[in-house]
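Below is a short note on the model you sent round, set out as numbered points. Please read it with the structure open.

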Amino acid sequence: QVQLVESGGGLVQPGGSLRLSCAASGSIFSINDMGWYRQAPGKQRELVATITSGGRTNYADFVKGRFTISRDNAKNTVYLQMNSLKPEDTAVYYCKGRMKTMQGIKFNDYWGQGTQVTVSS
């Protein structure tokens, strides 16, 4: 069994910053891509940023230049540094990891429970 646990969400004023963390734990054999997604009320979940095990990154256009994704492979943790936050960034942010367990034979996607980010004055 594997688990992804996000932390770092909260309330921040427009223009402020937050840093999200997501730690994977359990019987993990290998982690491939990791990423952050978000879902605002009444909207579909959307990709924010992804990072490969080698560190190659991909960003949604609406966060380029403001958000930075990174990972610490030794800690099985992915981060999202969010700067210049806007009210439209308000959403539940979810972490996803493509992982293979000790018992598994292929990679599967695992999701965290989500962390709320609210940008408001």
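1. The link of Cys-22 and Cys-95 is left-handed, with -80 degrees about the S-S bond. The two sulfur atoms of this disulfide are 2.1 Å apart, where a disulfide is a pair of cysteine sulfur atoms within 2.5 Å, and by this rule the count comes to 1. Because Cys-22 lies in strand 3 and Cys-95 in strand 9, the pair ties together parts that are 73 residues apart in sequence; strands are DSSP runs of E, at least two residues long, numbered from the N terminus. Both Cys-22 and Cys-95 are buried, that is, under 20% relative accessible area with a 1.4 Å probe and protein chains only.

2. As to how far to trust this, the model is predicted, with local features needing pLDDT of at least 70 and side-chain atom pairs counting only at pLDDT 80 or more, whereas totals for chains, interfaces and linings use all residues. Residues are numbered from 1 along each chain as its sequence is written, and side-chain values use heavy atoms, with hydrogens and water left out.

3. The largest nonpolar core (a set of buried Ala, Val, Leu, Ile, Met, Phe, Trp, Tyr and Cys residues joined through side-chain atoms within 4.5 Å) has 30 residues, and Trp-36, Leu-80, Met-82 and Tyr-93 have the most contacts inside it. Among the elements giving two or more residues to this core are strand 3 (18-26), strand 8 (77-82) and strand 9 (91-101). Leaving aside neighbours within four places in sequence, Leu-80 is in contact (heavy atoms within 4.5 Å) with residues including Trp-36, Phe-67, Ile-69 and Tyr-93.

4. Thr-52, found in the loop between strand 5 (46-51) and strand 6 (57-59), counts as buried because its relative accessibility is 14%. Not counting residues up to four places away in sequence, Thr-52 touches Asn-32, Asp-33 and Arg-71.

Conventions:
Helix = DSSP H or I, 4+ residues; strand = E, 2+ residues; numbered from the N terminus. Buried < 20%, exposed > 50% of the residue type's maximum accessible area, 1.4 Å probe, protein only.
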